[in-house]
Amino acid sequence: MARIRFEGVRVVYPTASRPAVDGISLTVPSGCLAVLLGPSGCGKTTLLRTVNRLQPIAAGRIEIDGRDTAALDPIVLRRSIGYVIQAVGLFPHLTVAQNVAVVPNLLRWDPRRVAARVDELLASVSLDPAVFRRRFPSQLSGGQQQRVGIARALAAEPEILLMDEPFGAVDAIVRGSLQEETLALQRRVGATILFVTHDVEEALLLADLLIVMRDGRIEQAGAPAEILTRPATPFVADLVDAGDALRRLSVITLGELLAHGQPAAPEAGSSAELPSLDAGASLRDALAVMLEAGASRLRVLRDGHEAAILDLDTLRGAARR
Ligand SMILES: Nc1ncnc2c1ncn2[C@@H]1O[C@H](COP(=O)(O)OP(=O)(O)O)[C@@H](O)[C@H]1O
Ligand SMILES: [Mg+2]
């Protein structure tokens, strides 16, 4: 299912000598967390803003669920798409609850439904509603403001969420927990997310689909593991530091990883169909086997018996450390 489809999209700013987005074609499937990665100025923000029509396009088309967005009312379109930016942009004169409720109120939800939804959302971004509901933005830390911004973006239950370097302004620890929460929310809500970052580690952690951009174009798009192991160009290889990550993977064995981490417990059912490797094999071998088999999980064997199931996320985490 193609949730968002870009076809030959081009953006030219009036004063610029070359296009900021230069003929981008891309399909983002439903429920996918797609990450736009690339250096500053490569056109990530511009491309993101074409989706909710904050940015007009000079050529090409953008479809959402097969419908050309040019034919939709931009105001209605924007209300149906969550948008999170680094500068959170909370309304300073409104409480946390009122900020989160902005779009549901615009949509004229029943007040009781709004109140219940606000509490649920605050809890889902780890803010205790009883503590934070009545506070004003000035009474929150940067990380807490960012959480309220995310809750607000999710308030109207958007099926599409645009996130532009949303965690850039918070410290590393809060950033880590917001990344985890984003993944958890995505799994729970099943939203399609287009996420912009210039941070490679963040991109590798979050992406189902990683899109590497350069000078307004797509340099490579694919699964993170594929881009790590088979970078299409020297630019991509440099950016994801593929050599370094692979070196790390080749010196760690499956057994060592499992001894340090918390592997997924063997699940009942279909694990017999998964590829398998001995615990003495390297993570690089594991990645190769998983790519070959098109599998996101792998059976780890000790003495021929299944000791654990390794998933791609765990492997990706190891590539980063
Ligand atoms: N409003 C604008 N007017 C003119 N040029 C702009 C404007 N916004 C961005 N640009 C230029 O377009 C290019 C892409 O910018 P942007 O999409 O913000 O990149 P990124 O988000 O990847 O850093 C850059 O060269 C930038 O200078
Ligand atoms: Mg930007």
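The exercises below, each with a worked solution, concern the ligand shell and the domain interface of a predicted model.

**Exercise 1.** Determine which residues are around ligand 1 and how the shell divides by class.

*Solution.* Begin with the list of neighbours, which holds Y13, T15 and A20, followed by P39, S40, G41, C42, G43, K44, T45 and T46. Then sort the shell by class, which yields six polar residues, four nonpolar residues and one charged residue.

**Exercise 2.** Find the distances at which polar atoms of Y13, G41 and T45 lie from ligand 1, and state what share of the ligand's area the protein buries.

*Solution.* Take the cut-off for a polar contact, a pair of N or O atoms within 3.5 Å. For G41, a polar atom of the backbone lies 2.7 Å from an oxygen atom of ligand 1. For T45, the polar atom belongs to the side chain, and its distance from an oxygen atom of the ligand is 2.8 Å. For Y13, a polar side-chain atom is 3.4 Å from a nitrogen atom of ligand 1. As to area, ligand 1 taken alone exposes 570 Å², of which the protein buries 58%.

**Exercise 3.** Locate the two domains of the chain and describe the interface between domain 1 and domain 2.

*Solution.* The domain assignment places domain 1 at 2-240 and domain 2 at 245-320, and their centres, taken over C-alpha atoms, are separated by 31 Å. Next, count the contacts: 12 residues of domain 1 touch eight residues of domain 2. The two domains bury about 930 Å² between them, with 63% of that area on carbon and sulfur atoms. On the side of domain 1, A225, L228 and T229 supply 42% of the area buried against domain 2, more than any other three residues.

**Exercise 4.** Establish how many salt bridges the rule finds across the interface of domain 1 and domain 2, and how many residue pairs there are in polar contact.

*Solution.* The search for salt bridges across this interface returns one. The search for polar contacts likewise returns one residue pair, with both residues at pLDDT 80 or more.

Definitions and conventions. Residues are numbered from 1 along each chain as its sequence is written. Chains are lettered from A and ligands numbered from 1 in the order in which they are written. This is a predicted model: local features need pLDDT of at least 70, side-chain atom pairs count only at pLDDT 80 or more; totals for chains, interfaces and linings use all residues. Side-chain values use heavy atoms; hydrogens and water are left out. A residue is near a molecule or strand if one of its heavy atoms lies within 4 Å of it. A polar contact is a pair of N or O atoms within 3.5 Å; within protein, one must be able to donate a hydrogen and the other to accept it, and residues adjacent in sequence count only if both atoms are side-chain atoms. Accessible areas come from the Shrake-Rupley method with a 1.4 Å probe; for residues, only the protein chains shown count as cover. Ala, Val, Leu, Ile, Met, Phe, Trp, Tyr, Cys and Pro count as nonpolar, Asp, Glu, Lys and Arg as charged, and the others, Gly among them, as polar. Domain bounds come from an automatic or database domain assignment. Contact means heavy atoms within 4.5 Å. Buried area is the accessible area (1.4 Å probe) that two parts lose on being put together, summed over both. A salt bridge is a side-chain nitrogen of Lys or Arg within 4 Å of a carboxyl oxygen of Asp or Glu.
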